[in-house]
Number of protein chains: 2
Amino acid sequence: MAAQPLRVALLGAGVVGSQVARLLYEQSEELGRRIGAPVVLVGAGVRDLQRARGIGIPPQLLTDDLAGLVSRSDVDIVVELIGGVEPARTLLLSALEAGTSVVTANKALLAQYGAELHAAAEASGADLYYEASVAGAIPLLRPLRESMAGDNVRRVLGIVNGTTNYILSQMDETGASFAEALAEAQALGYAEADPSADVDGLDAAAKAAILAGLAFHTRVRLDDVSCEGIRGVSAEDVAAARAMDHVVKLLAICERTSTGGVSVRVHPAMVPRHHPLAGVRDAYNAVFVESEAAGQLMFYGRGAGGTPTASAVLGDIVAVGRNRVSGARGPRASAYAALEIVGLDEAVTRYYLALDVADKAGVLAVVATTFARHDVSIETLRQEGRGDDASLVVVTHRSTDGALRAVVDELRGLDVVRAVASTLRVEGE
Amino acid sequence: MAAQPLRVALLGAGVVGSQVARLLYEQSEELGRRIGAPVVLVGAGVRDLQRARGIGIPPQLLTDDLAGLVSRSDVDIVVELIGGVEPARTLLLSALEAGTSVVTANKALLAQYGAELHAAAEASGADLYYEASVAGAIPLLRPLRESMAGDNVRRVLGIVNGTTNYILSQMDETGASFAEALAEAQALGYAEADPSADVDGLDAAAKAAILAGLAFHTRVRLDDVSCEGIRGVSAEDVAAARAMDHVVKLLAICERTSTGGVSVRVHPAMVPRHHPLAGVRDAYNAVFVESEAAGQLMFYGRGAGGTPTASAVLGDIVAVGRNRVSGARGPRASAYAALEIVGLDEAVTRYYLALDVADKAGVLAVVATTFARHDVSIETLRQEGRGDDASLVVVTHRSTDGALRAVVDELRGLDVVRAVASTLRVEGE
């Protein structure tokens with residue numbers, strides 16, 4: 001092992017950072033043999049020096065001067081685990097511009113400034129790896145960008161947020177309301193006190209942007225992603241899905257459209273119970289990929305947590321180290337395609353609708369005419385009378401989301417429709 | 001795209017090779033942009049020139065002089081899809097020795113001569129990729145050898161043979177016997193006329209050797225793999241598994257032992273129905289990985305078929321092309337660990353046993369004493385009387401396979417035991 005050591009600067013020593021530091025020490029011999037050179041932690045930048053003591057990083061390595069740490073000439077690789085856009089963006093750009101390689105788990109930064117980071121890495125010849133940014137421990141980005149580089153991905157359906165998957169799994173298994181399941185997730189530490197980033201789909205949206213970019217060799221930014229969270233999913237919706245042998249999941253959907261563009265969106269959807277994604281329970285993540293040659297693939301595992309995420313970060317550190325030893329560089333981002341991003345209106349999906357209607361002659365005709373007027377074709381329709389009222393459950397064939405929403409709006413205005421009790425998209429056929 | 005074209009020589013134009021050729025032509029523009037250089041098929045070596053006409057490869061590219069094709073100085077990469085040990089071994093060694101990179105799907109060759117091929121690649125600086133050799137289209141080897149390079153894999157449980165998984169799925173779903181399900185698989189083209197390579201576990205054993213080597217950074221050869229196929233799995237075994245809420249799968253198992261060694265084996269086993277592998281039906285493959293930091297991961301997809309396998313081959317071709325454009329080399333094989341291979345006797349597993357015993361006092365004591373004498377602890381025991389006979393179903397706790405087999409042998413010799421009707425290992429707890 002004559003090679004120069006790989007000198008690592010760690011930014012952030014929280015849930016993930018502290019595990020990365022621990023494993024760097026505990027596994028240092030194994031890692032060194034896999035890299036072909038020793039790996040050494042030369043500094044750890046933290047916000048609060050006081051709080052960072054006692055997590056196992058030697059005190060003399062700790063610093064709160066993050067910019068100073070990043071610009072040290074004896075650092076080969078900056079591992080960024082502080083999250084959020086700033087100061088991470090400024091720190092990583094300065095590292096990359098100086099030719100220092102970067103490993104990061106920062107989905108928000110990549111979803112907003114991925115192009116800038118990639119350009120800086122390209123210009124200086126530094127490596128930029130971010131396997132941990134999507135679906136935590138699951139090796140997903142490397143397969144997408146390397147193993148599938150000879151194939152054409154058509155669609156990615158991902159359960160990429162463990163908090164919402166836990167909540168929806170609980171609602172499905174116990175019949176709990178959203179509020180009850182959220183409270184339980186918070187009690188167990190699966191959800192934050194302020195759960196908006198998870199339950200409003202923002203976390204999943206950032207991951208969807210990263211996935212779509214890699215899957216389709218194009219640039220997708222967070223702003224391009226249509227996003228709807230799970231606050232509106234009711235116990236009744238979940239029960240209705242169950243009655244139809246479906247389960248409600250929050251999906252990150254990236255798909256090529258028939259017009260050659262890309263639709264990238266996050267929303268809850270009913271998924272058939274026989275679909276591989278339906279069995280992904282609790283806080284697990286999974287990403288289902290449909291491609292032209294390979295067909296259907298699924299990647300399953302833990303999407304969050306200190307140690308699982310650290311596994312992905314360490315894999316990237318080993319990759320940078322191996323590249324350094326062999327004088328190589330990691331694969332470049334391939335974003336030549338410049339595909340058009342299609343808005344939610346033009347995305348193609350199916351709807352489940354539950355309507356409360358008057359139970360009298362002619363209602364069906366009026367409702368059916370409304371669907372027909374927007375060229376939306378009905379797959380199944382089930383009517384149940386209950387006194388004066390009736391309940392009407394409709395599942396449509398595939399149509400644009402715009403047309404489907406226009407149908408819903410128009411149904412709401414009809415005299416015979418007392419209420420649109422529920423609408424949910426249906427995916428995964 | 002100023003870079004020199006990547007010149008590909010294809011060996012074999014059968015089910016997979018013809019699809020690789022087709023996609024190389026159809027996707028040539030996309031592939032060129034991803035590689036950063038055009039990719040060109042410069043020759044296709046086939047055994048029978050007559051048969052190879054009409055599969056879409058220009059006739060002037062076809063040759064039956066495989067050695068001549070491999071040694072051409074204008075070939076950058078040899079893609080080997082003929083299978084079997086010879087002449088593939090000689091051809092690929094001569095390519096690698098000359099510095100020509102190799103992409104292969106040849107599991108038999110890798111499982112027997114992997115070390116030799118890697119050494120030749122290492123010596124000349126050529127790339128050697130073989131993603132398609134295990135689990136066809138599923139990106140699995142690259143994640144194992146790169147994404148998980150910073151983690152310690154403890155166990156790999158794989159459904160890596162689609163034919164046997166189809167047969168076992170049919171037996172589970174329809175109650176068919178092995179012979180009936182095999183006949184159906186043959187009628188559908190899932191099984192060969194001579195099905196031994198699949199049903200006797202040999203195909204899975206080669207894949208297990210490759211998986212274990214990558215997972216544990218050590219060398220494992222086909223000879224190191226204990227192998228038992230599914231011919232002995234009866235409709236009664238499958239029904240018994242079902243009654244216990246389990247399903248029978250042919251598993252490739254690679255695991256670290258408590259003594260620091262490695263157990264690599266292929267055999268049918270009962271898997272709990274809630275385990276992610278249990279839901280892998282029909283001809284699909286899946287590989288379940290347990291590692292120290294990442295926890296549980298699963299990779300799922302099509303394990304065979306021309307187009308899915310071609311997807312993995314093309315991904316490797318793109319990887320070699322990108323390396324060439326950037327002057328890099330792919331990651332080396334990391335096999336420093338030199339772990340001891342542990343025989344089946346020392347592998348730790350659990351047994352399900354069904355015994356036909358005399359229904360009289362003292363039988364249980366005799367049977368229980370036999371288990372105790374070999375230090376095998378019983379987890380559950382269920383007795384059902386039926387006239388003079390009784391049926392005794394035992395599931396053990398974890399013990400060595402040697403001790404478990406010794407128990408079975410001794411039970412067979414007992415007067416009170418009329419027959420050991422069935423034994424199956426139980427995995428995936």
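L250(B) stands opposite P268(B) in β10(B), and that pair is a handy way into this predicted model. In it, local features need pLDDT of at least 70, side-chain atom pairs count only at pLDDT 80 or more, and totals for chains, interfaces and linings use all residues. Residues are numbered from 1 along each chain as its sequence is written, while chains are lettered from A and ligands numbered from 1 in the order in which they are written.

The strand holding P268(B) is worth a closer look. Helices (H or I, at least four residues) and strands (E, at least two) are DSSP runs numbered from the N terminus, and two strands pair if DSSP finds at least two bridges between them. Strand β9 (residues 246–256) of chain B runs antiparallel to β10(B), with eleven bridges joining them. Five residues sit between these two strands in a hairpin, and in its turn G260(B) has a positive phi of about 90°.

β10(B) has parallel partners too. Strand β8 (residues 226–227) of chain B pairs with β10(B) over two bridges in the parallel sense, with S226(B) matched to R265(B). Strand β13 (residues 341–342) of chain B also pairs in parallel with β10(B) over two bridges; here V262(B) has I341(B) as its bridge partner. Another two bridges tie β10(B) to strand β18 (residues 417–426) of chain B, again parallel, and A269(B) stands opposite R425(B) there. As for cover, ten of the eleven residues of β10(B), residues 262–272, are buried (20 or more other C-beta atoms, placed from the backbone, lie within 10 Å of a buried residue's own).

Now for the meeting of the two chains. Contact (C-beta atoms, placed from the backbone, within 7 Å) links 49 residues of chain B with 49 residues of chain A. On the chain B side, the elements giving two or more residues are α2 (28–35), α7 (141–147), β12 (295–302) and α13 (306–325). α13(B) gives the most, with eleven residues. Strand β12 (residues 295–302) of chain A and β12(B) run antiparallel and are joined by three bridges, and M298(A) has Y300(B) as its bridge partner.

How do the copies relate? A turn of 180° and a shift of 0.0 Å along the axis lay chain B on chain A with an RMSD of 0.1 Å (a least-squares superposition on C-alpha atoms of residues with pLDDT of at least 70 in both). That is the relation of a two-fold axis. The copies meet through the same surface, because 100% of the interface residues of chain B are also interface residues in chain A.

Conventions
Two residues are in contact if their C-beta atoms, placed from the backbone, lie within 7 Å. A residue is buried if 20 or more other C-beta atoms lie within 10 Å of its own, exposed if 12 or fewer, and partly exposed in between; C-beta atoms are placed from the backbone.
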